[in-house]
Amino acid sequence: MTIAGLLSQLLQVAIALLLAPILVGWVNMCRAWLQNKRAPSVLLPYRTIHKLFTKDAVIAENASPVFRVTPYIVFGAMCCAAAIVPSLATALPFASAADAIALVGLFALARVFIALAAMDIGTSFGSLGARREMFVGFLAEPALLMVLFTASLISGSTSLPTIVDTLAHRELAIYPSLAFAGVAFTMVSLAENARIPIDNPATHLELTMIHEAMILEYSARHLALLEWASALKLFNYSCIGLALFFPFGIAEGANGVAILGAAPVLIAKLAIGGALLALIETLSAKLRIFRAPEFLGTAFLLAVLGMLVHLLLGS
Amino acid sequence: MSISPLALIAAAIAAWLAIGALALVRPHALRIARSLFAAGALVGIAIAAIALVALRGHPDTMILPLGLPDLPFHLRVDALSAAFLVLLGGTSAAISLYSSGYFRAEEATAPGLICFQYHVFLAAMGLVLVADDAYMFMVAWETMALASYFLVTTDHRIPETRRAGFLYLLIAHIGAIGILLCFGVLQGGRGDYAFDAMRAVTLAGNWPSIAFFLALFGFGAKAGLLPLHVWLPEAHPAAPSPVSALMSGVMLKTAIYGLLRVTFDLLHAQLWWWGAIALAIGLLTALFGVIFAAAQTDMKRLLAYSSIENIGIIVVGIALTILFKSNVKPLLAAIALTAVLYHCVNHAFFKSLLFLATGSVMHATHERSLGKLGGLIHRMPWVAWLALVGTLAMAGLPPLNGFVSEWLLLQAFLFTPSLPQSFVNMLVPVAAAALVLTVALSAYVMVKFYGVIFLGRPREPHLAHAQDAGIRERAALAALAAGCVLLGIFPVTVITAIDHVNEQLLATTVGRGGESNWLLLAPIATDRSSYSPLIVLAVIVAVVLVTIQVVHRLWHGRMRRAPAWDCGFPLQTPRMQDTAEGFGQPIRQVFEPFFRMERHLPTPFDTKPRYAVTATDHLWHWLYLPIIRATDAVARFAGLIQRGRIAVYLTYSFVTLLALLLFVR
């Protein structure tokens, strides 16, 4: 591990940290446009985070230390994931610390901690949110891994940089296995990032919220960290999707210049992806919670189909 | 002259027996029993240390002139048995330490007697692992079953406990018949029951398959494989917590040891379809276990079902090893076998930790039902924080130990190259999907377990007086938690040790191959797959520390406490939290066909509305009750001819004699 490698690693994480809130702002902006509303500034998430940091933290009387450390651990796990996901470059030193399976494990770690913190106060909404989040999680996680397995089988590796290298250098064509996997991945990402049709990031309506119910008791810096972490999660998922299905334009060295060169390409891809996400959210309605297994089961079956198609057709 | 490790191990096992016998001298003296438990812990550490040395050495044999004339006991320690001896010694040391602070005078069985049964149980497990002939193996195996039966029924004043103990003993014996028949097949008609003789025999025709499936049946009954799992969720909750920990953490692994010994050591060649069938059974067991765990409301029953799940995962690993070995893919077989052994050790650590934690909770609160606990992290911080480590490990989260073995198993699944059986090629990815579903569900179960017991608000007023565990109990829990962390962040060291077993059974290694170093686990090559828990942990810890510093420096660290917000709802009582039933409800709904559910719903006109739902096991109704009914019918028929008058019996004898004279002549 060289100093230059370490610096470019830090550069990637820093860019991820900076871009993540803007991505959320951009999705909100697109959605407002599509719904004929006046759009808030793309920098609004930044202002929210700053505002929250300046406020005094108010926590429940019976909150245990689990409740207080969770925002930091979740934020840490997401930063670690941002270091591993090949968003800008493939040859970064930390990328070998965790492959695709370990990455899914990191996301699970964050989810379990948020769920535990939600149960910590002992309110009805907290435990409701925890239960629903774990429910969505256990359905989404296998589907996500199946998508990653399909990509791993194609490239003969679970290491994300190798997968990206292999996929980026293949002939440009539509591969049926990846097409199935792509649809499945989109569905899983919607569920995992608390978007419509599984959850609604803009709601505080008691009966429908999942993610918001879990973080209901948080305020100030803890809430700011959790908001930032969920923005990072959306960013990480988007980058995984781009790396698997549109890997073109990623830097294949580990030097800072290449990374800065790859950044505009990534921003352009994210802008298109974010707009599409807003479109999906505008066009679909939220599902009842017990319709979620159908939705995620479909994603899971599509991913398995993708894998079987790969095994049968070899493409 | 140096003393062989085997002699030392035999001496240590004898020391366990001696400790047990000493406890009988004054069975009602609690203090003596407690110090003897502590001595047992030291013996456990000694066994683990000797076995670690033996793991590296050559196989070592010994003949003890005990038992029947002309049938001496053969002992042998090789890499496989040494690996399991390390597990036995290490785990039992912590559990013994815990026991030395756990047992109270008011148990239904005298403390000295418990101590005796406990150490006989430990010694029997040790002997199972070093046995080198079928005769001694069966003697040790049955001693183990009997000793654990008496331990399960420690609280014999409760009828359910006696019933659970009986069911356990029954299934243990049905399993023992399977093992006995398996050895009968393996000796190949020569009448020599030493394992060495069995290794020399080459079985013809279908006999190897018969031997394998008899072993799968016999050891499966002990391990809790479907459909022979029914004793496990009854016996584990009935036993005192240290005993549950020992049974779940160690005894189930002796069954895995037996299965490995028969499949890879005593049998020469494995057939691929054994693997396919074992894979199906293992996956079904794992899924079944975790789904039922999610629906449980008793904390020890929940852990018992989760043990069934983990045994399922281990059997999946064994199945993959068979599949790969029979298709001559030694490296993949070695990865799968490493995952099996790694998961055995991991499960021993985190499951013992959690069972012992439930023991402390039960002592502090006298409650076992999840619906009556809650908020214990405030009253019992030590137990709660140490149990959190076990919870995260069992949920299979990085950077703890449960994740490493699951990672290895998934690697074995993913690098399934084209096997000659195209049908298996299709099956393997789908099996991987089922495995991932199981792992994801176990995270659900663990959030339920931890959240309902330790987090939230106390559901009963008397929980406010709960006391944290004593110093010895804490030390034991801390040792197990440290084990979970160390096994999680230094996987390569552990795998290098496990490699001795790979070398013995498969003639390949994992840890030294590939591009692994002390920091990075890469069984094949870094660009194929790699995982470094230490780096992951370091990055997360670094980010957490830096974030705390930055937030507090750039902004501030002010904080105040206020009543919970809860969306502004004014009335909040602890009863408004999710109960265990509520938390399990989505699982019951999604996996409804798995359960046999009886619902009692209130009508709008009930004056005292009551809602009740019981979810039970289909297999009990489909498989066991018919067998019970058939046995009952046969017994009743036998009862018909049983008249109790000597004249009638003499008539029977006379008729039999006549019939014999007529037909046989």
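Helices, of at least four residues, and strands, of at least two, are taken here as DSSP runs numbered from the N terminus, and the model to which they are applied in this tour is a predicted one.

Begin by selecting chain A and colouring it by secondary structure: followed along the sequence, chain A reads α-α-β-α-α-α-α-α-α-α-α-α, a tally of 11 helices and 1 strand. The radius of gyration of chain A is 19 Å, close to the 20 Å that the globule rule gives for 315 residues, so chain A is as compact as a globular protein of that length. Turn chain A along its principal axes, and its C-alpha atoms fill a box of roughly 55 × 45 × 40 Å. If you then colour by burial, buried residues account for 62% of the 315 residues in chain A. With contacts displayed, and counting those in chain A between residues at least 6 apart in sequence, 80% join residues at least 24 apart.

Next, show chain B beside chain A and select the residues of each that touch the other: 67 residues of chain B are in contact with 70 residues of chain A. On the chain B side, at least two residues each are supplied by helix H14 (376-379), helix H16 (401-414), helix H17 (422-454), helix H20 (533-554), strand E3 (559-562) and helix H21 (580-590). Of these, H17(B) gives the most to the side of chain B that touches chain A, with 15 residues. Coloured by class, that side of chain B has 45 nonpolar, 14 polar and 8 charged residues.

Stay at the interface and select strand E1 (residues 57-60) of chain A together with E3(B), which run parallel and are joined by 4 bridges. Within this pairing, centre the view on A:Ala60, which stands opposite B:Ala562 in E3(B).

Now hide chain A and colour chain B by its domains, which are domain 1 (1-201), domain 2 (269-514) and domain 3 (621-665). A distance drawn between the C-alpha centres of domain 1 of chain B and domain 3 of chain B comes to 40 Å.

Finish with helix H23 of chain B, selecting residues 646-663: this helix has 18 residues and reaches 26 Å from its first C-alpha to its last, close to the 26 Å expected at 1.5 Å a residue. Is H23(B) well covered or hardly covered? H23(B) is hardly covered, since the count of buried residues among its 18 residues is 0, where a residue is counted as buried if 20 or more other C-beta atoms lie within 10 Å of its own.

Note on methods. Residues numbered from 1 in each chain as written. Chains lettered and ligands numbered in written order. Predicted model: local features only at pLDDT ≥ 70, side-chain atom pairs only at ≥ 80, totals over all residues. Expected span 1.5 Å × (residues − 1). Buried ≥ 20, exposed ≤ 12 C-beta atoms within 10 Å, placed from the backbone. Rg over C-alpha atoms; globule rule 2.2 N^0.38 Å. Contact = placed C-beta atoms within 7 Å. Nonpolar A, V, L, I, M, F, W, Y, C, P; charged D, E, K, R; others polar. Pairing = 2+ DSSP bridges. Domains from an automatic or database assignment.
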